[in-house]
Amino acid sequence: MGCRDVHAATVLSFLCGIASVAGLFAGTLLPNWRKLRLITFNRNEKNLTVYTGLWVKCARYDGSSDCLMYDTTWYSSVDQLDLRVLQFALPLSILIAMGALLLCLIGMCNTAFRSSVPNIKLAKCLVNSAGCHLVAGLLFFLAGTVSLSPSVWVIFYNMHLNKKFEPVFMFDYAVYVTIASAGGLFMTAFLLFIWYCVCKSLPSPFWQPLYSHPSNMHAYSQPYSARSRLSAIEIDIPVVSHTA
């Protein structure tokens with residue numbers, strides 16, 4: 001498998017990255033990070049569940065799909081440290097992952113539409129597609145770390161709240177969605193790293209020009225004489241020698 005071939009691993013990693021970013025979007029917007037279960041012993045009243053998200057808060061009676069209370073200003077008054085950290089971590093992770101997707105797409109397009117004949121004028125402007133995938137893999141790994149760590153912390157912070165107050169707090173399915181999306185980012189990075197490690201004919205493991213300059217590169221360019229490097233205005237004056 002050559003570095004300049006569009007392989008199934010790079011396509012699969014790109015699709016996995018898109019799905020993971022979509023999962024992070026869903027986890028960021030879902031109002032189901034934590035549930036507060038309020039149970040009443042009055043037969044004339046219904047139990048109440050408060051759903052807490054990163055940006056909104058909703059309170060519902062059991063068996064009802066409508067919010068009794070819908071707080072749209074919750075994002076500015078979050079009093080739970082783990083949710084406050086997630087408000088910064090998840091958007092940052094999405095931005096990093098989108099940058100990685102862009103680099104991955106550039107690498108695949110660079111591979112698919114490259115010219116078979118190197119162009120010296122463009123060689124210093126283009127980048128190696130394997131370098132794009134390597135940096136994209138590093139960014140995917142970073143995005144997965146940024147999103148996974150605070151999401152797992154929600155589980156332990158939920159246990160802390162139950163010990164501090166009463167065992168009425170439960171983490172909801174947005175935690176699972178975000179953890180699964182972070183796992184998808186790690187899988188994407190793993191696929192790109194595996195593809196990069198088995199690549200051949202890399203001039204350098206870092207960001208480099210698309211084409212290395214082999215010894216026969218001058219075959220694609222016009223030869224230059226020593227006179228062409230002199231002034232453009234030159235007059236050859238013949239020299240006549242007199243012999244006795």
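# Briefing on a predicted chain model

The structure holds 1 salt bridge. Its partners are R34 and D82, whose side chains meet at 2.5 Å, N to O. This pair links distant parts of the chain, since R34 belongs to strand β1 and D82 to helix α2 (residues 81–112), 48 residues apart. The model is predicted. The chain has 244 residues, of which 38% are buried.

**Overall layout**

- The secondary structure of the chain consists of 5 helices and 5 strands.
- Read from the N terminus, the elements follow the order α-β-β-β-β-α-α-α-β-α.

**Transmembrane regions in the record**

- An unreviewed UniProt entry assigns the feature "transmembrane region" to residues 6–30, 88–113, 133–156 and 168–196.
- Residues 133–156 are 100% helix and 0% strand, and the C-alpha atoms at the ends of this span are 35 Å apart.
- Residues 168–196 are 83% helix and 10% strand, with 48 Å between the end C-alpha atoms.

**The salt bridge and its surroundings**

- Are R34 and D82 buried or exposed? Both residues of the salt bridge are buried.
- R34 also has a partner in space from far along the sequence: the C-alpha atoms of R34 and F169 are 6.9 Å apart, although 135 residues separate the two in sequence.
- F169 is placed in strand β5.
- F169 has a relative accessible area of 14%, so it is buried, the cut-off being under 20%.

**The largest pocket**

- The largest pocket contains about 160 Å³ of space.
- Which elements give two or more residues to the lining of the largest pocket? They are β1 (34–38), β2 (48–52) and α4 (129–164).
- The lining is made up of R34, L36, V50, T52, K57, D79, Q80, Y157, L161, F165 and F169.
- R34, a partner in the salt bridge, is thus one of the residues that line this pocket.
- F169, the residue of strand β5 described above, is also in the lining.

**Strand β5 and helix α5**

- F171 lies in strand β5, which covers residues 169–171.
- With a relative accessible area of 25%, F171 is partly exposed.
- F171 and M159 are 12 residues apart in sequence, and their C-alpha atoms are 9.5 Å apart in space.
- V177 is found in helix α5 (residues 173–197).
- Why does V177 count as partly exposed? Its relative accessibility is 27%, and the partly exposed class lies between the buried limit of under 20% and the exposed limit of over 50%.
- The C-alpha atoms of V177 and G27 are separated by 5.9 Å, while the two residues are 150 apart along the chain.

**A nonpolar surface patch**

- Which residues form a nonpolar patch on the surface? The patch is made of V11, L15 and I18, and together they have about 240 Å² of accessible area.
- V11 sits in helix α1 (residues 8–29).
- V11 counts as partly exposed because its relative accessibility is 35%.

How values were computed. Residues numbered from 1 in each chain as written. Predicted model: local features only at pLDDT ≥ 70, side-chain atom pairs only at ≥ 80, totals over all residues. Heavy atoms only, no water. UniProt positions renumbered as here; feature names shortened; annotations may be inferred. Helix = DSSP H or I, 4+ residues; strand = E, 2+ residues; numbered from the N terminus. Patch = residues over 30% accessible without salt bridge, like charges linked within 9 Å, V, L, I, M, F, W, Y side chains within 5 Å. Areas by Shrake-Rupley, 256 points an atom, 1.4 Å probe, with all protein chains shown as cover. Salt bridge = Lys/Arg side-chain N within 4 Å of Asp/Glu carboxyl O. Buried < 20%, exposed > 50% of the residue type's maximum accessible area, 1.4 Å probe, protein only. 1 Å grid on protein atoms, 1.4 Å probe; cavity = no way out; pocket = protein on both sides within 12 Å on 5 of 7 lines; lining within 4 Å. Points joined across faces, edges and corners; volume = space filled by probe spheres on them.
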